[in-house]
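Open your viewer and get ready to select residues by number. The tour has a few stops, and each one tells you what to pick next.

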Amino acid sequence: MENSDDIRLIVKIAQLYYEQEMTQAQIAHELGIYRTTISRLLKRGRDLGVVTIAINYDYNDSLWLEERLKQKFGLKEAVVAPLESEAGAYGAQLFERLLSPNAVIGFGWGRAVSALVEALPQSSQPRPLVCVPIVGGPSGKLPSRYHVNTLTYSAATRLKGESYLADFPALLDNPLIRQGIMQSQHFQTLADYWQRLDIAVVGIGSPAIRHATNWQAFYGNAQSDELEALQVSGDICSRFFAADGTPIATAMQEKTLSIELTILKQARYVIGLASGEEKHAAILGALRGQHINALVTDRATAEYLVQ
């Protein structure tokens with residue numbers, strides 16, 4: 001317990017530091033105290049409540065939601081855009097901040113990932129990084145704008161890095177074809193990159209949008225019926241999970257060529273992008289299963305998630 005002299009000294013140092021905006025070195029010189037002592041007493045002042053620091057979230061109330069998301073779901077990063085239409089630009093800012101030299105970056109497919117890639121600024125200098133798809137292409141018709149190879153190549157071009165593309169679909173006709181592709185040198189090279197991912201950028205799929213054009217292009221009715229019967233809540237790169245995040249094995253599993261969720265979790269950052277009421281259950285499943293450790297969403301979705 002500090003005596004009255006100690007408290008007076010703490011108050012004096014706090015007043016000089018916070019109100020008069022003196023540096024710790026200046027305070028140490030004026031009071032004849034070691035600088036390390038100044039730092040220790042400033043911390044002690046906060047611990048005792050002599051000094052309190054308050055952040056006014058009225059200036060950016062999304063920060064409060066972001067902190068709530070991080071605490072509730074154990075996320076490394078959370079970004080909340082005011083509107084769903086702005087999530088791609090906000091996600092691109094996070095992505096740029098997380099980039100490290102010699103990074104290996106994996107991409108999923110879809111509208112949300114496309115919005116992030118399209119918002120990336122054009123790099124002025126070449127970067128020693130590699131962009132790779134972490135899921136095969138669509139088995140049906142999908143606009144080329146959302147194709148995983150398009151997104152991977154576009155990102156590499158904007159970042160002035162290298163890209164390595166997938167020459168196989170995500171869903172194959174039978175397991176034998178899958179086994180043959182997995183034995184190829186091309187796939188082995190890609191799989192090696194998957195083991196070394198620094199950042200993965202993925203959309204979060206939901207059977208709730210089974211009638212949407214892009215979902216139909218990728219899965220079709222037969223697969224969608226199976227997912228509904230198995231009570232699938234969502235997927236990442238065609239790897240499915242329940243409402244609590246538990247992975248669900250489907251008939252498609254032995255015909256699927258994409259990164260396994262267990263390997264995806266090894267990445268330094270797995271950025272999941274998703275918004276909208278129809279994605280609520282899928283996002284919660286991804287968060288509960290810890291299949292992502294960073295989330296980019298809109299305000300309305302974030303408010304639902306933190307309830």
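This is a predicted model. Begin with the lining of the second largest pocket: its residues divide into 5 nonpolar, 8 polar and 3 charged. The volume of this pocket is about 210 Å³. Now select Arg239, Phe240, Pro247, Glu260 and Leu261. Of the 16 lining residues, these are the closest to the centre of the pocket. Next, colour strand S7 (239-241) and helix H12 (261-264). Each supplies at least two residues of the lining.

**Stop two: H2 and H3**

Select residues 24-31 for helix H2 and residues 35-48 for helix H3. What should you look at in such a pair? Two packed helices are described by the angle between their axes and the distance between the axes. Here the axes come within 8 Å and cross at roughly 110°. Angles of 65 to 115 degrees count as roughly perpendicular, so H2 is roughly perpendicular to H3. Is the crossing of H2 and H3 left-handed or right-handed? It is right-handed.

Now show the side chains. On H2, pick Gln24, Ala25, Ile27 and Ala28. On H3, pick Arg35, Ile38, Ser39 and Leu42. These residues make the contact. By class, the contact of H2 with H3 has 5 nonpolar, 2 polar and 1 charged residues.

**Stop three: H5 and H6**

Select helix H5, residues 87-98. Add helix H6, residues 111-119. The axes of H5 and H6 come within 7 Å and cross at roughly 65°. H5 passes H6 in a right-handed crossing.

Which residues of H5 meet H6? They are Gly88, Ala89, Gly91, Ala92 and Phe95. Their partners in H6 are Ala115, Leu116 and Ala119. The residues of this contact divide into 6 nonpolar, 2 polar and no charged.

**Stop four: H6 and H7**

Keep H6 on screen. Add helix H7, residues 148-159. H6 and H7 pack at an angle of about 20°, and their axes are 9 Å apart. Angles under 35 degrees count as roughly parallel, so H6 is roughly parallel to H7. The crossing of H6 and H7 is left-handed.

Finish with the side chains of this pair. From H6, choose Val113, Ser114, Val117 and Glu118. From H7, choose Leu151, Ser154, Ala155 and Arg158. Together they make the contact. How many charged residues does the contact of H6 with H7 have? There are 2 charged residues, along with 4 nonpolar and 2 polar.

Technical notes: Residues are numbered from 1 along each chain as its sequence is written. This is a predicted model: local features need pLDDT of at least 70, side-chain atom pairs count only at pLDDT 80 or more; totals for chains, interfaces and linings use all residues. Side-chain values use heavy atoms; hydrogens and water are left out. Axes are lines fitted to C-alpha atoms, for helices over the stretch in contact, and angles run from 0 to 180 degrees between N-to-C directions. Helices (H or I, at least four residues) and strands (E, at least two) are DSSP runs, numbered from the N terminus. Angles under 35 degrees count as roughly parallel, over 145 as roughly antiparallel, 65 to 115 as roughly perpendicular and the rest as oblique. A crossing is left-handed if the near helix is turned anticlockwise from the far one by less than a right angle, and right-handed if clockwise. Contact means heavy atoms within 4.5 Å. Ala, Val, Leu, Ile, Met, Phe, Trp, Tyr, Cys and Pro count as nonpolar, Asp, Glu, Lys and Arg as charged, and the others, Gly among them, as polar. On a 1 Å grid over the protein atoms alone, a cavity is a set of points where a 1.4 Å probe fits but cannot get out, and a pocket is an open set with protein on both sides within 12 Å along at least five of seven lines; lining residues have an atom within 4 Å of a point. Grid points are joined across faces, edges and corners, and a volume is the space filled by probe spheres set on the points.
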